[in-house]
Amino acid sequence: SSSVQDELKDVNQLQSSLHAFAALRSDGSVITWGRIGDGGNSQALQNQLRDVKYIQASSRAFAAIKADGSVVTWGDEMYGGNCRALKDQLKDVQGIQVS
């Protein structure tokens with residue numbers, strides 16, 4: 001976490017996968033760190049990870065619900081890290097839970 005330590009301010013929510021963390025800040029941005037394949041690097045999605053209201057972790061991936069009800073996922077595709085095929089169905093989402 002030393003690489004993101006200065007960014008870890010005003011954190012409202014923290015989630016962890018097996019080897020990564022995601023912190024939701026009060027401004028709706030998300031900071032990630034840890035093993036890249038388990039969701040520890042969301043750099044490619046930073047333009048999508050704005051206005052986030054809630055984050056949920058699975059064992060190797062993360063999902064974020066945005067203020068508009070859309071969902072962004074990242075991490076291992078086998079564990080939920082890719083929702084592109086469901087993008088049209090994931091609208092007006094109010095909650096998400098891992099099993």
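Which residue forms a salt bridge with Arg35, and how far apart are the closest N and O atoms? The partner is Asp38, and the closest N and O atoms are 3.9 Å apart.

## Basis of the model

This is a predicted model, in which local features need pLDDT of at least 70, side-chain atom pairs count only at pLDDT 80 or more, and totals for chains, interfaces and linings use all residues. Residues are numbered from 1 along each chain as its sequence is written, and side-chain values use heavy atoms, with hydrogens and water left out.

## Salt bridges

The structure holds two salt bridges. The term covers a side-chain nitrogen of Lys or Arg within 4 Å of a carboxyl oxygen of Asp or Glu. Besides the Arg35 bridge with Asp38, Asp38 meets Arg60 at 3.4 Å, N to O. That second pair links distant parts of the chain. Asp38 is in the loop between S3 and S4, Arg60 in the loop between S4 and S5, and they are 22 residues apart. Strands here are DSSP runs of E with at least two residues, numbered from the N terminus.

Arg35, Asp38 and Arg60 are thus named together as a network of salt bridges. Asp38 is buried, at 3% relative accessibility. Arg35 is partly exposed at 46%, and Arg60 is partly exposed at 23%. Buried means under 20% relative accessible area, exposed over 50%, and partly exposed in between, with a 1.4 Å probe and protein chains only. Arg60 has another partner: its charged end sits over the ring of Tyr79, 5.6 Å from the ring centre. For that label, NZ of Lys or CZ of Arg must be within 6 Å of the ring centre and within 35 degrees of the ring normal.

## Aromatic pairs

There are two aromatic pairs. Rings of Phe, Tyr and Trp (its six-membered ring) pair if their centres lie within 6.5 Å; planes under 30 degrees apart count as stacked, over 60 as edge-to-face and the rest as tilted. Phe21 and Trp33 are stacked, 5.3 Å centre to centre with 15° between the planes. Phe21 belongs to strand S2 (residues 20–25) and Trp33 to strand S3 (residues 30–34), twelve residues apart. Phe21 is partly exposed at 35%, whereas Trp33 is buried at 13%.

Phe62 and Trp74 are also stacked, at 5.4 Å centre to centre and 15° between the planes. Phe62 lies in strand S5 (residues 61–66) and Trp74 in strand S6 (residues 71–75), so the pair ties together parts twelve residues apart in sequence. Phe62 is buried at 1%, and Trp74 is buried at 3%.

## Nonpolar core

The largest nonpolar core has 13 residues. Such a core is a set of buried Ala, Val, Leu, Ile, Met, Phe, Trp, Tyr and Cys residues joined through side-chain atoms within 4.5 Å. Val30, Leu49, Val52, Ile55 and Trp74 have the most contacts inside it. S2, S4, S5 and S6 each supply at least two residues of this core.

Leaving out residues up to four places away in sequence, Val30 touches partners including Ala22, Leu24, Leu49, Val52, Ile55 and Trp74. Contact means heavy atoms within 4.5 Å.

## Gln56

Gln56 is in strand S4 (residues 52–57). Gln56 is buried, with 9% relative accessible area. Its side chain joins that of Tyr54 through a polar contact of 2.8 Å. A polar contact is a pair of N or O atoms within 3.5 Å; within protein, one must be able to donate a hydrogen and the other to accept it, and residues adjacent in sequence count only if both atoms are side-chain atoms. Beyond four places in sequence, Gln56 contacts residues including Gln15, Phe62, Ile96 and Val98.

Key:
Helices (H or I, at least four residues) and strands (E, at least two) are DSSP runs, numbered from the N terminus.
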